[in-house]
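Here's a quick tour of one protein model, meant for reading with the structure open beside you. Have a look at the sequence and the fold first, then come back for the highlights.

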Amino acid sequence: MSVREINFDGLVGPSHNYAGLSLGNLASSRNAGAVSHPRAAALQGIEKMRGNLRLGLAQGIFLPQWRPDGAWLATLGTDISNADPHIRAAAMSASSMWAANAATVSPAADTADGRTHLTVANLVTMAHRSHEWPQTLAQLRLAFSDTRAFAVHGPIPAPFGDEGAANHMRLCDSHGAPGVGVFVYGQSGGPFPARQHVEASKAVARIHGLDPARTLFVQQSQEAIAAGAFHNDVVAVANERVLFTHEQAFADKQAFYASLRTLLPSVEIVEVPASAVSLADAIKSYLFNAQLVTLPDGTMALILPSEAQAVPAVWAWLEQMIVGNGPIRRLIPVDVRQSMANGGGPACLRLRVVADPKDIDPRFLVDEPRLDEIARIVSDYWPETIAPDDLSDTRLIARIEQSWLSLVDHLQLSGDLMP
(Lines give C-alpha, C1' and ligand atoms only; values in the text may rest on other atoms or scores of the structure.)
Protein backbone atom coordinates (compact mmCIF):
# COMPACT_ATOMS: atom_id res chain seq x y z
CA MET A 1 0.00 0.00 0.00
CA SER A 2 1.36 3.41 -0.99
CA VAL A 3 0.18 5.75 1.75
CA ARG A 4 0.81 9.46 1.29
CA GLU A 5 -0.62 12.79 2.30
CA ILE A 6 -3.20 14.19 -0.13
CA ASN A 7 -4.39 17.79 0.08
CA PHE A 8 -8.06 18.14 -0.88
CA ASP A 9 -8.73 21.76 -1.78
CA GLY A 10 -12.18 23.29 -1.79
CA LEU A 11 -12.95 24.93 -5.14
CA VAL A 12 -14.27 28.46 -4.58
CA GLY A 13 -17.94 28.48 -5.55
CA PRO A 14 -19.77 30.79 -7.95
CA SER A 15 -21.64 32.51 -5.09
CA HIS A 16 -18.41 33.72 -3.40
CA ASN A 17 -19.32 37.06 -1.81
CA TYR A 18 -18.34 39.37 1.02
CA ALA A 19 -21.29 39.46 3.41
CA GLY A 20 -19.15 39.70 6.57
CA LEU A 21 -20.94 36.80 8.25
CA SER A 22 -18.10 35.43 10.39
CA LEU A 23 -17.84 37.08 13.82
CA GLY A 24 -14.24 36.97 15.02
CA ASN A 25 -12.81 36.71 11.51
CA LEU A 26 -11.25 40.14 11.10
CA ALA A 27 -10.72 39.95 7.34
CA SER A 28 -14.31 38.87 6.79
CA SER A 29 -15.60 41.77 8.88
CA ARG A 30 -13.21 44.30 7.35
CA ASN A 31 -14.30 43.48 3.79
CA ALA A 32 -18.02 43.18 4.44
CA GLY A 33 -19.95 44.86 1.65
CA ALA A 34 -17.09 44.85 -0.85
CA VAL A 35 -17.47 43.55 -4.39
CA SER A 36 -16.21 39.98 -4.73
CA HIS A 37 -14.72 38.27 -7.78
CA PRO A 38 -15.85 34.62 -7.80
CA ARG A 39 -14.19 33.76 -11.11
CA ALA A 40 -10.82 35.16 -10.06
CA ALA A 41 -11.15 33.50 -6.66
CA ALA A 42 -11.72 30.07 -8.15
CA LEU A 43 -8.91 30.48 -10.68
CA GLN A 44 -6.53 31.53 -7.89
CA GLY A 45 -7.40 28.35 -6.00
CA ILE A 46 -6.86 26.24 -9.11
CA GLU A 47 -3.42 27.78 -9.58
CA LYS A 48 -2.55 26.92 -5.99
CA MET A 49 -3.53 23.30 -6.66
CA ARG A 50 -1.52 23.34 -9.88
CA GLY A 51 1.51 24.61 -7.96
CA ASN A 52 1.18 21.78 -5.44
CA LEU A 53 1.15 19.21 -8.24
CA ARG A 54 4.31 20.73 -9.71
CA LEU A 55 5.97 20.37 -6.31
CA GLY A 56 5.30 16.64 -6.52
CA LEU A 57 2.40 16.65 -4.02
CA ALA A 58 -0.79 14.63 -4.37
CA GLN A 59 -3.87 16.78 -4.90
CA GLY A 60 -7.60 16.28 -4.50
CA ILE A 61 -10.61 18.54 -4.81
CA PHE A 62 -13.95 19.15 -3.14
CA LEU A 63 -16.70 20.81 -5.12
CA PRO A 64 -18.68 23.92 -4.23
CA GLN A 65 -22.08 23.37 -2.66
CA TRP A 66 -25.43 24.04 -4.27
CA ARG A 67 -26.39 27.64 -3.65
CA PRO A 68 -28.73 29.07 -2.59
CA ASP A 69 -29.41 26.31 -0.07
CA GLY A 70 -33.15 26.04 -0.56
CA ALA A 71 -33.48 23.03 1.74
CA TRP A 72 -32.05 25.02 4.66
CA LEU A 73 -34.26 28.00 3.87
CA ALA A 74 -37.30 25.70 3.85
CA THR A 75 -36.53 24.58 7.40
CA LEU A 76 -36.76 28.27 8.33
CA GLY A 77 -40.11 28.61 6.58
CA THR A 78 -38.87 30.83 3.80
CA ASP A 79 -37.17 30.89 0.41
CA ILE A 80 -34.50 32.95 -1.32
CA SER A 81 -37.01 35.55 -2.56
CA ASN A 82 -38.59 36.19 0.83
CA ALA A 83 -35.77 35.60 3.29
CA ASP A 84 -34.45 38.44 5.43
CA PRO A 85 -31.19 39.84 4.01
CA HIS A 86 -28.92 38.19 6.58
CA ILE A 87 -30.64 34.82 6.10
CA ARG A 88 -30.41 35.21 2.32
CA ALA A 89 -26.69 35.91 2.62
CA ALA A 90 -26.20 32.83 4.81
CA ALA A 91 -28.03 30.68 2.26
CA MET A 92 -25.77 31.99 -0.51
CA SER A 93 -22.48 31.59 1.39
CA ALA A 94 -19.61 29.89 -0.46
CA SER A 95 -17.66 29.21 2.74
CA SER A 96 -17.51 25.46 2.14
CA MET A 97 -14.49 26.39 -0.02
CA TRP A 98 -12.50 26.30 3.24
CA ALA A 99 -12.04 22.54 3.30
CA ALA A 100 -10.02 22.64 6.52
CA ASN A 101 -13.43 22.92 8.16
CA ALA A 102 -14.92 20.00 6.25
CA ALA A 103 -13.94 17.28 8.70
CA THR A 104 -11.45 15.95 11.21
CA VAL A 105 -9.26 13.17 9.81
CA SER A 106 -7.41 10.42 11.70
CA PRO A 107 -5.16 8.23 9.53
CA ALA A 108 -5.29 4.45 9.68
CA ALA A 109 -1.98 4.27 11.56
CA ASP A 110 -3.61 6.00 14.56
CA THR A 111 -7.00 4.25 14.81
CA ALA A 112 -8.07 1.10 16.62
CA ASP A 113 -9.56 -0.58 13.53
CA GLY A 114 -6.78 0.36 11.11
CA ARG A 115 -9.02 2.50 8.90
CA THR A 116 -8.85 6.21 8.16
CA HIS A 117 -11.68 7.95 10.01
CA LEU A 118 -13.34 11.21 8.98
CA THR A 119 -15.97 13.07 11.03
CA VAL A 120 -17.81 15.83 9.21
CA ALA A 121 -17.68 19.15 11.11
CA ASN A 122 -21.00 20.51 12.38
CA LEU A 123 -19.94 24.22 12.29
CA VAL A 124 -22.88 25.07 14.55
CA THR A 125 -21.49 28.33 15.93
CA MET A 126 -22.03 30.27 12.67
CA ALA A 127 -25.40 30.29 10.91
CA HIS A 128 -23.94 30.58 7.42
CA ARG A 129 -21.79 27.49 7.96
CA SER A 130 -24.14 25.39 10.09
CA HIS A 131 -26.00 24.09 7.03
CA GLU A 132 -22.88 22.95 5.14
CA TRP A 133 -22.44 19.55 6.72
CA PRO A 134 -25.11 17.53 4.81
CA GLN A 135 -23.59 18.39 1.41
CA THR A 136 -20.05 18.00 2.77
CA LEU A 137 -20.95 14.59 4.19
CA ALA A 138 -22.35 13.54 0.80
CA GLN A 139 -19.01 14.35 -0.87
CA LEU A 140 -17.00 12.63 1.87
CA ARG A 141 -19.08 9.47 1.53
CA LEU A 142 -18.48 9.44 -2.21
CA ALA A 143 -14.77 10.25 -2.13
CA PHE A 144 -14.02 7.81 0.71
CA SER A 145 -16.64 5.15 -0.02
CA ASP A 146 -14.29 2.15 0.33
CA THR A 147 -15.31 0.91 3.77
CA ARG A 148 -12.28 -1.37 3.94
CA ALA A 149 -10.08 1.73 4.08
CA PHE A 150 -12.33 4.47 5.45
CA ALA A 151 -15.01 5.17 8.05
CA VAL A 152 -16.99 8.39 7.46
CA HIS A 153 -19.02 9.69 10.40
CA GLY A 154 -21.85 12.16 10.73
CA PRO A 155 -21.53 15.35 12.78
CA ILE A 156 -21.12 15.72 16.52
CA PRO A 157 -24.52 16.89 17.82
CA ALA A 158 -25.25 20.45 18.86
CA PRO A 159 -24.59 22.39 21.00
CA PHE A 160 -20.99 21.18 20.93
CA GLY A 161 -19.20 23.18 18.23
CA ASP A 162 -16.83 21.28 15.95
CA GLU A 163 -14.90 23.11 13.23
CA GLY A 164 -12.91 20.20 11.86
CA ALA A 165 -9.24 19.97 10.92
CA ALA A 166 -8.65 23.70 11.44
CA ASN A 167 -8.40 22.85 15.15
CA HIS A 168 -6.62 19.52 14.83
CA MET A 169 -2.94 18.77 14.26
CA ARG A 170 -1.09 15.49 13.86
CA LEU A 171 2.60 15.02 14.54
CA CYS A 172 4.54 11.91 13.55
CA ASP A 173 7.91 10.70 12.29
CA SER A 174 6.39 10.16 8.83
CA HIS A 175 2.87 10.38 7.42
CA GLY A 176 2.44 6.61 7.40
CA ALA A 177 3.77 6.10 10.94
CA PRO A 178 1.69 6.25 14.14
CA GLY A 179 1.20 9.83 15.27
CA VAL A 180 0.14 12.08 18.11
CA GLY A 181 -3.28 13.69 17.68
CA VAL A 182 -3.54 17.26 18.99
CA PHE A 183 -7.04 18.67 19.39
CA VAL A 184 -7.08 22.41 20.09
CA TYR A 185 -10.18 23.89 21.72
CA GLY A 186 -11.25 27.30 22.92
CA GLN A 187 -12.94 28.74 25.99
CA SER A 188 -15.59 31.44 25.84
CA GLY A 189 -14.51 34.91 26.83
CA GLY A 190 -13.33 38.10 25.19
CA PRO A 191 -15.04 39.79 22.26
CA PHE A 192 -15.27 36.73 19.99
CA PRO A 193 -16.74 33.25 20.47
CA ALA A 194 -14.68 30.10 20.85
CA ARG A 195 -15.78 27.82 18.04
CA GLN A 196 -14.19 24.48 18.95
CA HIS A 197 -15.58 22.95 22.12
CA VAL A 198 -13.52 20.45 24.06
CA GLU A 199 -16.54 18.13 24.30
CA ALA A 200 -16.66 17.91 20.50
CA SER A 201 -12.94 17.22 20.26
CA LYS A 202 -13.13 14.43 22.83
CA ALA A 203 -16.12 12.90 21.05
CA VAL A 204 -14.25 12.84 17.72
CA ALA A 205 -11.24 11.18 19.36
CA ARG A 206 -13.46 8.46 20.86
CA ILE A 207 -15.38 7.87 17.62
CA HIS A 208 -12.12 7.55 15.68
CA GLY A 209 -10.76 5.00 18.12
CA LEU A 210 -7.66 7.01 18.99
CA ASP A 211 -5.32 5.84 21.72
CA PRO A 212 -5.93 8.16 24.71
CA ALA A 213 -2.24 7.86 25.61
CA ARG A 214 -1.30 9.45 22.27
CA THR A 215 -4.03 12.11 22.12
CA LEU A 216 -3.68 15.61 23.52
CA PHE A 217 -6.39 18.21 24.20
CA VAL A 218 -4.84 21.65 24.26
CA GLN A 219 -6.52 24.97 25.00
CA GLN A 220 -6.00 27.83 22.58
CA SER A 221 -5.00 31.05 24.30
CA GLN A 222 -7.73 33.63 24.82
CA GLU A 223 -5.24 36.25 23.60
CA ALA A 224 -5.10 34.50 20.22
CA ILE A 225 -8.89 34.26 19.92
CA ALA A 226 -9.32 37.89 20.94
CA ALA A 227 -6.74 38.92 18.34
CA GLY A 228 -8.73 37.21 15.58
CA ALA A 229 -7.39 33.64 15.60
CA PHE A 230 -10.84 32.11 15.28
CA HIS A 231 -9.25 28.73 14.44
CA ASN A 232 -5.99 27.23 15.68
CA ASP A 233 -4.66 27.08 12.12
CA VAL A 234 -4.39 30.87 12.18
CA VAL A 235 -1.62 30.63 14.82
CA ALA A 236 -0.09 27.15 14.41
CA VAL A 237 0.49 24.43 11.82
CA ALA A 238 2.12 21.01 12.06
CA ASN A 239 3.65 18.57 9.57
CA GLU A 240 5.22 15.24 10.43
CA ARG A 241 7.66 15.95 13.30
CA VAL A 242 7.51 19.79 13.03
CA LEU A 243 5.25 22.17 14.93
CA PHE A 244 5.38 25.73 13.57
CA THR A 245 3.64 28.04 16.02
CA HIS A 246 3.32 31.51 17.44
CA GLU A 247 4.57 32.01 20.98
CA GLN A 248 1.08 33.04 22.15
CA ALA A 249 -0.94 30.34 20.40
CA PHE A 250 -1.67 28.15 23.44
CA ALA A 251 -2.94 28.78 26.96
CA ASP A 252 -0.26 26.59 28.57
CA LYS A 253 2.42 26.08 25.96
CA GLN A 254 5.01 24.67 28.35
CA ALA A 255 2.76 21.79 29.44
CA PHE A 256 1.81 21.16 25.80
CA TYR A 257 5.40 21.18 24.59
CA ALA A 258 6.48 18.85 27.40
CA SER A 259 3.73 16.34 26.61
CA LEU A 260 4.56 16.48 22.92
CA ARG A 261 8.26 15.87 23.52
CA THR A 262 7.43 12.89 25.73
CA LEU A 263 5.15 11.30 23.12
CA LEU A 264 7.28 12.21 20.09
CA PRO A 265 10.94 12.68 21.10
CA SER A 266 11.89 13.63 17.53
CA VAL A 267 9.54 16.64 17.50
CA GLU A 268 10.97 20.00 16.38
CA ILE A 269 9.12 23.05 17.66
CA VAL A 270 9.68 26.19 15.61
CA GLU A 271 8.26 29.00 17.71
CA VAL A 272 7.92 32.53 16.40
CA PRO A 273 8.43 34.93 19.32
CA ALA A 274 5.93 37.71 19.91
CA SER A 275 8.86 40.12 20.19
CA ALA A 276 9.63 39.47 16.51
CA VAL A 277 6.12 38.98 15.11
CA SER A 278 3.11 40.24 17.04
CA LEU A 279 -0.17 38.34 17.09
CA ALA A 280 -1.65 41.20 15.07
CA ASP A 281 0.99 40.83 12.34
CA ALA A 282 0.71 37.04 12.35
CA ILE A 283 -3.05 37.24 11.84
CA LYS A 284 -2.87 40.10 9.33
CA SER A 285 -0.42 38.12 7.18
CA TYR A 286 -1.86 34.65 7.88
CA LEU A 287 1.70 33.52 8.43
CA PHE A 288 0.56 30.30 10.11
CA ASN A 289 -2.40 29.64 7.84
CA ALA A 290 0.09 28.04 5.49
CA GLN A 291 0.53 24.56 4.10
CA LEU A 292 3.59 23.06 5.77
CA VAL A 293 4.44 20.17 3.46
CA THR A 294 7.13 17.54 2.94
CA LEU A 295 8.53 17.66 -0.58
CA PRO A 296 9.60 14.52 -2.48
CA ASP A 297 13.25 15.13 -1.53
CA GLY A 298 12.32 15.01 2.17
CA THR A 299 12.72 18.73 2.88
CA MET A 300 9.87 20.88 4.14
CA ALA A 301 8.35 23.93 2.51
CA LEU A 302 5.90 26.56 3.70
CA ILE A 303 3.22 27.44 1.13
CA LEU A 304 1.98 30.75 2.45
CA PRO A 305 -0.14 33.69 1.27
CA SER A 306 1.63 36.40 -0.69
CA GLU A 307 0.35 38.85 1.94
CA ALA A 308 3.12 37.59 4.22
CA GLN A 309 5.64 39.37 1.99
CA ALA A 310 3.87 42.67 2.62
CA VAL A 311 4.34 42.59 6.41
CA PRO A 312 8.00 43.53 7.02
CA ALA A 313 8.34 41.87 10.43
CA VAL A 314 6.87 38.61 9.13
CA TRP A 315 8.96 38.37 5.99
CA ALA A 316 12.16 39.37 7.76
CA TRP A 317 11.65 36.61 10.34
CA LEU A 318 10.88 34.02 7.65
CA GLU A 319 13.95 34.91 5.59
CA GLN A 320 16.10 34.61 8.69
CA MET A 321 14.52 31.24 9.53
CA ILE A 322 15.21 29.54 6.20
CA VAL A 323 18.91 30.42 6.15
CA GLY A 324 19.33 28.66 9.47
CA ASN A 325 19.62 24.95 10.08
CA GLY A 326 15.94 24.42 10.86
CA PRO A 327 13.54 21.92 9.30
CA ILE A 328 11.70 24.43 7.06
CA ARG A 329 13.93 25.20 4.09
CA ARG A 330 11.71 26.82 1.45
CA LEU A 331 9.10 29.61 1.25
CA ILE A 332 6.48 29.46 -1.51
CA PRO A 333 4.13 32.48 -1.62
CA VAL A 334 0.83 31.94 -3.45
CA ASP A 335 -1.86 34.36 -4.58
CA VAL A 336 -5.20 33.54 -2.92
CA ARG A 337 -6.22 37.15 -2.35
CA GLN A 338 -9.92 36.63 -2.91
CA SER A 339 -10.00 33.92 -0.26
CA MET A 340 -7.80 35.97 2.07
CA ALA A 341 -10.17 38.95 1.78
CA ASN A 342 -12.93 36.73 3.18
CA GLY A 343 -10.72 35.39 5.95
CA GLY A 344 -9.13 32.17 4.65
CA GLY A 345 -5.57 31.46 3.55
CA PRO A 346 -3.86 28.48 1.87
CA ALA A 347 -4.36 26.18 4.86
CA CYS A 348 -8.06 27.04 5.14
CA LEU A 349 -8.59 25.89 1.57
CA ARG A 350 -7.37 22.32 2.10
CA LEU A 351 -8.16 19.15 4.05
CA ARG A 352 -5.22 16.79 4.60
CA VAL A 353 -5.91 13.06 4.22
CA VAL A 354 -3.22 10.41 4.66
CA ALA A 355 -4.28 7.43 2.55
CA ASP A 356 -3.54 5.32 -0.51
CA PRO A 357 -4.82 7.26 -3.54
CA LYS A 358 -6.01 3.98 -5.06
CA ASP A 359 -8.65 3.74 -2.31
CA ILE A 360 -10.19 7.12 -3.20
CA ASP A 361 -12.89 7.80 -5.80
CA PRO A 362 -10.83 9.11 -8.75
CA ARG A 363 -13.40 11.81 -9.49
CA PHE A 364 -12.06 13.67 -6.44
CA LEU A 365 -8.39 13.50 -7.47
CA VAL A 366 -6.87 15.94 -9.94
CA ASP A 367 -3.94 16.28 -12.28
CA GLU A 368 -3.04 19.24 -14.48
CA PRO A 369 -5.28 18.26 -17.44
CA ARG A 370 -8.27 17.92 -15.12
CA LEU A 371 -7.50 21.29 -13.55
CA ASP A 372 -7.36 22.75 -17.07
CA GLU A 373 -10.86 21.42 -17.69
CA ILE A 374 -12.19 22.83 -14.42
CA ALA A 375 -10.55 26.19 -15.12
CA ARG A 376 -12.32 26.35 -18.49
CA ILE A 377 -15.69 25.77 -16.81
CA VAL A 378 -14.94 28.43 -14.21
CA SER A 379 -13.92 30.91 -16.90
CA ASP A 380 -17.07 30.21 -18.90
CA TYR A 381 -19.67 30.12 -16.12
CA TRP A 382 -18.54 31.70 -12.82
CA PRO A 383 -19.77 35.30 -12.29
CA GLU A 384 -17.03 37.87 -12.66
CA THR A 385 -18.27 40.03 -9.77
CA ILE A 386 -20.90 39.97 -7.03
CA ALA A 387 -21.94 43.06 -5.07
CA PRO A 388 -23.96 42.70 -1.85
CA ASP A 389 -27.17 43.91 -3.47
CA ASP A 390 -26.82 41.27 -6.20
CA LEU A 391 -27.68 38.40 -3.83
CA SER A 392 -31.41 38.89 -4.44
CA ASP A 393 -31.04 39.15 -8.22
CA THR A 394 -32.85 36.20 -9.83
CA ARG A 395 -30.56 36.37 -12.86
CA LEU A 396 -27.48 35.97 -10.66
CA ILE A 397 -29.08 33.08 -8.79
CA ALA A 398 -29.86 31.34 -12.06
CA ARG A 399 -26.27 31.81 -13.22
CA ILE A 400 -24.88 30.42 -9.96
CA GLU A 401 -27.08 27.36 -10.25
CA GLN A 402 -26.09 26.81 -13.89
CA SER A 403 -22.41 27.16 -12.99
CA TRP A 404 -22.68 24.42 -10.40
CA LEU A 405 -24.62 22.11 -12.70
CA SER A 406 -22.07 22.55 -15.48
CA LEU A 407 -19.21 21.60 -13.15
CA VAL A 408 -20.75 18.54 -11.50
CA ASP A 409 -22.05 17.28 -14.84
CA HIS A 410 -18.58 17.54 -16.38
CA LEU A 411 -17.08 15.64 -13.46
CA GLN A 412 -19.80 12.98 -13.74
CA LEU A 413 -21.06 13.70 -10.25
CA SER A 414 -24.47 15.20 -10.98
CA GLY A 415 -26.27 11.91 -10.35
CA ASP A 416 -24.70 11.67 -6.88
CA LEU A 417 -24.73 15.29 -5.70
CA MET A 418 -27.93 16.79 -7.12
CA PRO A 419 -29.81 18.58 -4.31
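Which strand gives the most to the lining of the largest cavity? That's strand 15, with five residues. Keep in mind that this is a predicted model. The notes below start at that cavity, move out through the strands around it and the nonpolar cores, and end with a few single residues.

**The cavities**

- Six cavities of 30 Å³ or more turn up in the structure.
- The largest cavity holds about 350 Å³ of space, and 26 residues line it.
- Closest to its centre you'll find H168, M169, R170, A238 and R352.
- Three elements give two or more residues to this lining: strand 6 (168–172), strand 9 (236–239) and strand 15 (350–355).
- Sorted by class, the lining of the largest cavity comes out as 15 nonpolar, five polar and six charged residues.

**Strand 15**

- Six of the six residues of strand 15 are buried, so the rest of the structure largely encloses this strand.
- Neither face is left open: R350, R352 and V354 are buried on one side, and L351, V353 and A355 are buried on the other.
- Strand 15 pairs with strand 1 (residues 4–10) in the antiparallel sense, over six bridges.
- If you want a spot to look at in that pairing, L351 in strand 15 is the bridge partner of F8.

**Strand 9 and its hairpin**

- Strand 9 is also covered on both faces, with A236 and A238 buried on one side and V237 and N239 buried on the other.
- Its antiparallel pairing with strand 10 (residues 242–246) runs over four bridges, and V237 stands opposite F244 of strand 10.
- Together, strand 9 and strand 10 make a hairpin with two residues between them. One to click on in the turn is E240, which has a positive phi of about 45°.

**Nonpolar cores**

- In soluble globular proteins, nonpolar side chains tend to be buried together.
- Here, the largest nonpolar core has 78 residues, and those with the most contacts inside it are F144, M169, V182, F256, L260 and I374.
- M169 shows up twice in this briefing, since this core residue is also among the residues closest to the centre of the largest cavity.
- What does L260 contact once its neighbours within four places in sequence are left aside? The list is L171, V180, V182, L216, L243 and V267.
- Another core, of 23 residues, lies apart from the largest one and includes V270, M300, A308 and M321.

**A few residues to click on**

- Y18 sits in the loop between strand 1 and helix 1 (26–30).
- Is Y18 buried or exposed? Y18 has a relative accessible area of 4%, so this residue counts as buried.
- Y18 and Q338 are 320 residues apart in sequence, yet 9.7 Å apart in space, C-alpha to C-alpha.
- T299 is found in the loop between strand 12 (291–294) and strand 13 (300–305), and its 30% relative accessibility makes T299 partly exposed.
- Not counting residues up to four places away in sequence, T299 touches V293 and T294. The C-alpha atoms of T299 and P327, 28 residues apart along the chain, are 7.2 Å from each other.
- L53 belongs to helix 2 (residues 38–54). Beyond four places in sequence, L53 touches Q59, V366, D367, E368 and L371.
- L53 and S403 are 350 residues apart along the chain, and their C-alpha atoms are separated by 25 Å.

Methods:
Residues are numbered from 1 along each chain as its sequence is written. This is a predicted model: local features need pLDDT of at least 70, side-chain atom pairs count only at pLDDT 80 or more; totals for chains, interfaces and linings use all residues. Side-chain values use heavy atoms; hydrogens and water are left out. On a 1 Å grid over the protein atoms alone, a cavity is a set of points where a 1.4 Å probe fits but cannot get out, and a pocket is an open set with protein on both sides within 12 Å along at least five of seven lines; lining residues have an atom within 4 Å of a point. Grid points are joined across faces, edges and corners, and a volume is the space filled by probe spheres set on the points. Ala, Val, Leu, Ile, Met, Phe, Trp, Tyr, Cys and Pro count as nonpolar, Asp, Glu, Lys and Arg as charged, and the others, Gly among them, as polar. Buried means under 20% relative accessible area, exposed over 50%, partly exposed in between (1.4 Å probe, protein chains only). Two strands pair if DSSP finds at least two bridges between them. A nonpolar core is a set of buried Ala, Val, Leu, Ile, Met, Phe, Trp, Tyr and Cys residues joined through side-chain atoms within 4.5 Å. Contact means heavy atoms within 4.5 Å.
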